[in-house]
Amino acid sequence: VISSSSSLQCYLQLATLLATQGKFVESNQYFRAALTMQPQNCDVYLLWSSTLLLNQQYDLAQRYLHECLALLSARSRISSTTTTTATSKLEAAQSALIKRDATFLKCMIFLERGELKMAELSFKQFIKLYPSFSDGHCYYAVCLANLHKKDGAQRQWLEAIHCDANNIEAHYYYGLWLLHHADISNSMQQFSECIKLNDKHWTSRFLVAYILSQRHSYKEAAKHYKKICDAMDLEIGRYTTLDKFTSLNDERKNQSMIYYKYYADCLVQTGEKQEAVQKYHQCLKILKVLKIKYSSLDCIKQYKQNACARCWCKHYLNNSSILHLIEHHKFQLHMRPSSSSTTTTSTTTTTTQEQHANSHSHSYARM
């Protein structure tokens with residue numbers, strides 16, 4: 001039985017929050033502390049594995065997933081010898097959810113590593129066991145898309161949405177895939193659905209605005225860009241000094257720079273040139289901070305490596321599929337709207353929509 005102690009809850013909450021901010025060293029310290037408190041806690045192993053995948057520590061993540069499944073197996077053997085009660089039924093249901101998620105993450109490891117054939121086989125087996133699990137279909141579709149299996153990928157995305165119409169990731173990645181295949185109207189529909197589900201899903205709103213701009217619907221596009229940039233203004237406004245602003249993670253700075261730039265371009269088209277100048281100025285301010293940090297060759301190389309990182313697990317971690325863990329521990333994960341990939345997840349410093357979209361679409365460019 002998982003402890004409800006406040007200290008364990010705080011450790012897990014802080015560990016997960018730090019991981020989503022890219023602070024993996026600090027995150028691991030809190031996870032270790034949680035395991036010291038409860039070394040037989042399979043939930044901690046599962047959650048830690050998710051965050052390790054964010055940091056591309058695949059071997060360690062796989063090891064902890066094995067630990068998690070071994071603990072579940074031992075728990076199952078013990079419960080089979082005891083009398084069935086309401087409490088034991090609840091524990092069995094919770095164990096089944098944890099086993100499903102651990103098995104899912106094992107599939108995700110193959111996808112993360114680019115072992116697409118193994119990922120395909122794993123996901124195929126997984127959805128046979130869990131046919132109603134929306135994320136399983138969604139990321140199986142991602143795998144098939146990268147294997148150039150167009151029809152299969154589309155079927156799996158549609159099945160993911162059928163299983164859970166509120167799965168933002170399924171709508172978002174299906175929208176990206178449709179956009180890649182030049183099905184603009186249907187991709188717009190998927191991105192619009194993301195916005196309906198989460199008004200602060202900025203990457204979907206950005207893509208809607210970009211498509212509207214390409215259609216010369218600049219006033220409509222400007223409304224979307226404004227909502228994004230107003231949110232960025234509030235976030236960046238909290239960083240009152242250059243040193244504090246520099247501490248904002250690079251992915252977020254890069255996203256903000258792109259949003260400001262495209263909003264400024266749109267404002268030029270609507271004739272609001274003074275406002276456009278201000279947004280260009282904000283864009284250049286962020287670019288200056290990024291250039292200072294990545295001025296050396298070593299830093300540039302490191303940034304490129306980070307920018308090319310493929311990680312779908314961030315979305316899994318942000319997704320409602322682990323809400324049973326959150327509810328079980330009685331805490332909420334304070335995570336920003338997804339903007340990456342996996343898993344998971346840095347965005348390159350680019351000023352073209354195609355590159356921006358590809359930074360979220362794993363390896364669609366190879367499809």
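**How α6 meets α7, and the rings around them**

In this predicted model, helix α6 passes helix α7 in a left-handed crossing. To find the two helices, look for residues 116–129 for α6 and residues 134–146 for α7. Two packed helices are described by the angle between their axes and the distance between the axes. For α6 and α7 the angle is about 150°, and the axes lie 9 Å apart. Angles over 145 degrees count as roughly antiparallel, so α6 is roughly antiparallel to α7.

Let's see who makes the contact. From α6 come Leu116, Ala119, Glu120, Phe123, Lys124, Phe126 and Ile127. They are met on the α7 side by Gly136, His137, Tyr139, Tyr140, Cys143, Leu144 and Asn146. Sorted by class, this contact of α6 with α7 has nine nonpolar residues, three polar ones and two charged ones.

Now follow Phe123 out of that contact and over to another helix. The structure holds 22 aromatic pairs, and one of them joins Phe123 to Phe104. Which geometry does this pair have? The ring centres of Phe104 and Phe123 are 6.3 Å apart and the planes stand at 65°, so the pair is edge-to-face. Phe104 belongs to helix α5 (residues 86–113) while Phe123 sits in α6, so the pair ties together parts that are 19 residues apart in sequence. Both Phe104 and Phe123 are buried.

The two rings also have company. Phe104 and Phe123 belong to one aromatic cluster together with Phe126, Tyr130, Phe133, Tyr139, Tyr140, Tyr172, Tyr173 and Phe191. You have already met some of these names: Phe123 and Phe126 of α6 take part in the contact, as do Tyr139 and Tyr140 of α7.

Technical notes:
Residues numbered from 1 in each chain as written. Predicted model: local features only at pLDDT ≥ 70, side-chain atom pairs only at ≥ 80, totals over all residues. Heavy atoms only, no water. Axes fitted to C-alpha atoms, helices over the stretch in contact; angles between N-to-C directions. Helix = DSSP H or I, 4+ residues; strand = E, 2+ residues; numbered from the N terminus. Parallel < 35°, antiparallel > 145°, perpendicular 65-115°, else oblique. Left-handed = near helix turned anticlockwise from the far one by under 90°. Contact = heavy atoms within 4.5 Å. Nonpolar A, V, L, I, M, F, W, Y, C, P; charged D, E, K, R; others polar. Phe/Tyr/Trp six-rings, centres within 6.5 Å; stacked < 30°, edge-to-face > 60°. Buried < 20%, exposed > 50% of the residue type's maximum accessible area, 1.4 Å probe, protein only.
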